[in-house]
Amino acid sequence: MDIVDLQRVTKDYELGQTKVHALRGIDLQIKEGEFISIAGASGSGKSTLLNLIGGLDSPTSGVIKINGTSINNLSEGELNRLRLQTIGFIFQSFNLIPVLNVYENIELPLLIMKAVSPQERKERINHFIAAVGLSGQVKQKPYELSGGQRQRVAVARALVTKPRIVLADEPTANLDSKTGLEIIDLMHHINRLEGTTFIFSTHDAKIMQRADRVILLEDGTIKPDNSERNEERR
Ligand SMILES: Nc1ncnc2c1ncn2[C@@H]1O[C@H](COP(=O)(O)OP(=O)(O)OP(=O)(O)O)[C@@H](O)[C@H]1O
Ligand SMILES: [Mg+2]
């Protein structure tokens, strides 16, 4: 089964008197375990698409299925559960809690989830802190970290709940290229190890090349000739 299935999805934004057609009929199927990149110029609809897949916003028309279930008509509570249990988010601007330190930021989704024992919680947090290379910064607050270190915290926070899908909107845009590639390679490693599906947007050709498949958006539609799978990487 496809873990993500979009059928004829559109999204319009009202902007004063005019309508912005951010997405114009997106058909997209993503298999569980894919490592997939959404590319396209600024304004082509990448963030809109990721926000719809993550249930952060609702489509104007069309159907969005996550793991076989349409999310269009879920209640706010059901959507919250989906976002907490099935999806991990990584944002360009990190979105960490400023008053919490590295450890506490990564711990937060597990505390909200409640389903993980204190012992496993500790093990998972320390595992992902080590995996993102922040063992020396456990007690530091976000304002005491570099941009790259903040994004490492966000990656660990997204992964610690063991989500089936990680959505990352330009996760490397605020990082230098070496750090950006390290973050993508870390995500790729987790993808292969755990089978987590990753969907990330980027402008960076080097980052795109790491993907199994590149979805190229142009003015709210998918360019068909760029969606073939890169078999040799799978
Ligand atoms: N809240 C909003 N209200 C009105 N228009 C919006 C809103 N959000 C996005 N848009 C418009 O929808 C279109 C797609 O925007 P989106 O943010 O998805 O693009 P993007 O590909 O993520 O761009 P970037 O690479 O700059 O992040 C753009 O024309 C944008 O101006
Ligand atoms: Mg964007």
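**Helix packing, sheet order and ligand shell**

In this predicted model, helix α3 (residues 102–113) and helix α5 (residues 147–159) pack with axes that come within 8 Å and cross at roughly 30°. With angles under 35 degrees counted as roughly parallel, α3 and α5 are therefore roughly parallel to each other. Their crossing is right-handed. On the α3 side the contact is made by Val102, Asn105, Ile106 and Pro109, and on the α5 side by Val153, Ala156 and Arg157. By class, the residues of this contact of α3 with α5 comprise five nonpolar, one polar and one charged.

A second helix pair involves α3 and helix α4 (residues 118–131), whose axes come within 10 Å and cross at roughly 130°. This angle falls outside the ranges for roughly parallel, roughly perpendicular and roughly antiparallel, and α3 and α4 are therefore oblique to each other. The crossing of α3 and α4 is again described as right-handed. From α3, Val102, Tyr103, Ile106, Glu107 and Leu110 take part, and they meet Arg121, Ile125, Phe128 and Ile129 of α4. The contact of α3 with α4 contains seven nonpolar and two charged residues, with no polar ones. Val102 and Ile106 of α3 are listed both in the contact with α5 and in the contact with α4.

Six strands form an open sheet with mixed pairing, in the order β6-β7-β8-β3-β9-β10. The edge positions are held by β6 (87–90) and β10 (221–222); each has a single partner strand, so one side of each is left without a neighbour in the sheet. At the β10 end, strand β9 (residues 213–218) pairs with β10 in the antiparallel sense over two bridges, and Glu218 has Thr221 of β10 as its bridge partner. Helix α5 packs on the sheet, where it touches β6 and β7 (165–169), and the direction of α5 makes about 175° with that of β6. Helix α5 is thus in contact both with α3 and with the sheet.

Antiparallel pairing is also found between β1 and strand β4 (residues 61–66), which are joined by five bridges. Within this pairing, Gln7 stands opposite Val63 of β4. Strand β4 pairs in addition with strand β5 (residues 69–70), again in the antiparallel sense, over two bridges. Lys65 has Ser70 of β5 as its bridge partner. The two strands β4 and β5 form a hairpin with two residues between them, and Asn67 in the turn has a positive phi of about 55°.

The shell around ligand 1 consists of Tyr13, Leu15, Val20, Ala22, Gly40, Ser42, Gly43, Ser44, Gly45, Lys46, Ser47 and Thr48. Two or more of these residues come from each of β1 (2–15), β2 (18–31) and α1 (46–53). Helix α1 gives the most to the shell, with three residues. Sorted by class, the shell around ligand 1 has seven polar, four nonpolar and one charged residues. Strand β1 therefore appears both in the ligand shell and in the antiparallel pairing with β4.

Note on methods:
Residues are numbered from 1 along each chain as its sequence is written. Chains are lettered from A and ligands numbered from 1 in the order in which they are written. This is a predicted model: local features need pLDDT of at least 70, side-chain atom pairs count only at pLDDT 80 or more; totals for chains, interfaces and linings use all residues. A residue is near a molecule or strand if its C-beta atom, placed from the backbone, lies within 6 Å of it. Helices (H or I, at least four residues) and strands (E, at least two) are DSSP runs, numbered from the N terminus. Ala, Val, Leu, Ile, Met, Phe, Trp, Tyr, Cys and Pro count as nonpolar, Asp, Glu, Lys and Arg as charged, and the others, Gly among them, as polar. Axes are lines fitted to C-alpha atoms, for helices over the stretch in contact, and angles run from 0 to 180 degrees between N-to-C directions. Angles under 35 degrees count as roughly parallel, over 145 as roughly antiparallel, 65 to 115 as roughly perpendicular and the rest as oblique. A crossing is left-handed if the near helix is turned anticlockwise from the far one by less than a right angle, and right-handed if clockwise. Two residues are in contact if their C-beta atoms, placed from the backbone, lie within 7 Å. Two strands pair if DSSP finds at least two bridges between them.
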